[in-house]
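Trainee: Please take a close look at the side-chain links in this model, charged pairs and cysteines alike. How is each partner placed with respect to the surface?

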Amino acid sequence: MTLPDKAGRQINVGGWSGTSTFGIRLYTPDGSPGTASINDWQENAAEIKLQKGRWYPSGMIMSNGSMLIVGGQDGSNGAPVPSLEILPRVGGVIEMDWLRRTDPYNLYPFIFVLPGGGIFAGYFNEARILDPATFETIRTLPQIPGNVNNPNAGRTYPLEGAAMMFPQYAPYSDPVTMLICGGSTNGASLVTDNCVTIEPENPSSNWTIERMPSQRVMPCMAPLPDGTFLIVNGATKGVAGFGLATDPNLNAVLYDPRKPLNQRMTIMANTTIARMYHSEAITLQDGSVLISGSDPQSQAYPQEYRVEVFEPPYMLSGAPRPAYTITNKDWAYGQQISITITAGDSSNMRASLLGAVSSTHGNSMGQRTMFPGFSCAGNTCTVTAPPDAKICPPGWFQLFILDGPTPSMSTWVRIGGDPAQLGNWPASKTFSKPGI
């Protein structure tokens, strides 16, 4: 995850086996374009560690700025660790019966802060909303539909799909929608060929199925600055894991939430590189998508060291990019921030915010896409920060300005400060701390 402290430190928790599963590792970003980073990860298990060893847990920045760590096993394919814990440490772990009951099909569960304040949790073929203070279940959502030939298909590792939250638009009054694409089944490993959506805070909402152009397990999804999502990578047969999938899915798909249901997916270009287990996709500051990884550890699909960049349609139109300058990069909730347009037609512009994403196993931790309030008078424009930590948990975001469909280069801004004072954490001389 990316912390909301003023340095934007990265945190990595858990591990493969033994003491590494208790690990808490921090990295302070440094370097700049043309200048290599020299910092390294910092770790000291004798001073700070998880309360429970965890392999393949999920993490999330909560609305209060603390970190929620969910689930996992006590080592690779080990016994379940069906609990939650908070960082910095608050109390003990909290056992979750739904994690125990659905092991081993719930690893890297999908977790998101909802605008109403609850926490969406999606795992295996189930989903629920949790109270952010007690972690009791507020509402159990309908079962997530699977395949026509197996309604019990799963969506989280090892039956791995990918999840996103639909974009939120100012004034943030519409119900939010969750999107989950791909997955597989236990046993016969029949790979899923659909996406499903639901408005989790709408009591009458149920899951809606949309057919994908092809089957896909281990997909990666990247949010784009125009509000669309890129679906790439994965396989058409098998499940996630070393040597457990075949027939790579080489096609890219663009998903547009603004289009009518069943018209949202557009087939894009193909790659020639198999990207299966341990592949990733992440959006860069120019709006392109960096695609990397894959190590199925099989002779047919060797470990992949090449990287690719996918250019979405807005980069191929030939339209000139807008550009802007900004002074204030540390925003309070509801604050109005002035920017200056230096290229483009301000009468046709809007702004978007993409949360800092940590991508792994179909899980884009920190994903959030928002279109904040935006107005211009000549070349001076005003962006209105989201109003609160439920709509926008504290953290770092890429600010894009779009002229029609064409995005600018982004600038990193922080929204909501550091309410949990992570900048002073952990209290150990081993770790560099940026302060508050």
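**Salt bridges and cysteines**

Mentor: Asp247 is partly exposed, with a relative accessibility of 32%. The model is a predicted one. The partner of Asp247 is Lys237, and the salt bridge between them has its closest N and O atoms 3.3 Å apart. Lys237 belongs to strand E18 (residues 235–238) and Asp247 to strand E19 (residues 245–248), so the bridge ties together parts that are 10 residues apart in sequence. Lys237 is partly exposed as well, because its relative accessible area is 46%.

This pair is included in a count of 12 salt bridges. Another joins Arg101 to Glu126, with 2.6 Å between the closest N and O atoms. Here distant parts of the chain are linked: Arg101 sits in helix H1 (residues 97–102) and Glu126 in strand E9 (residues 126–130), 25 residues apart. The two ends differ in class, since Arg101 is partly exposed at 46% relative accessibility, whereas Glu126 is buried at 18%. For Glu126, the class follows because buried means under 20%.

Arg258 and Asp256 also form a salt bridge, and their closest N and O atoms are 2.9 Å apart. Arg258 has a relative accessible area of 43% and is therefore partly exposed, while Asp256, at 11%, is buried.

Now the cysteines. The whole structure holds 2 disulfides. One of them joins Cys181 to Cys195, with an S to S distance of 2.1 Å. The torsion about this S-S bond is about 110 degrees, so the disulfide of Cys181 and Cys195 is right-handed. The link connects distant parts of the chain, Cys181 being in strand E13 (residues 178–181) and Cys195 in strand E14 (residues 194–198), 14 residues apart. Cys181 is buried at 0% relative accessible area, and Cys195 is buried at 0% too.

The other disulfide is formed by Cys376 and Cys381, whose sulfur atoms are 2.0 Å apart. With 105 degrees about the S-S bond, this link of Cys376 and Cys381 is right-handed. Cys376 is partly exposed at 31% relative accessibility, but Cys381 is buried at 0%. Counting bonded cysteines along the chain, the pattern is 1-2, 3-4.

Cys220 remains to be placed. Its closest cysteine sulfur is that of Cys181, and at 12 Å this is too far for a bond, because a disulfide requires sulfur atoms within 2.5 Å. Cys220 is buried, with 3% relative accessibility. Cys392 is likewise buried, at 0%.

Definitions and conventions: Residues numbered from 1 in each chain as written. Predicted model: local features only at pLDDT ≥ 70, side-chain atom pairs only at ≥ 80, totals over all residues. Heavy atoms only, no water. Salt bridge = Lys/Arg side-chain N within 4 Å of Asp/Glu carboxyl O. Helix = DSSP H or I, 4+ residues; strand = E, 2+ residues; numbered from the N terminus. Buried < 20%, exposed > 50% of the residue type's maximum accessible area, 1.4 Å probe, protein only.
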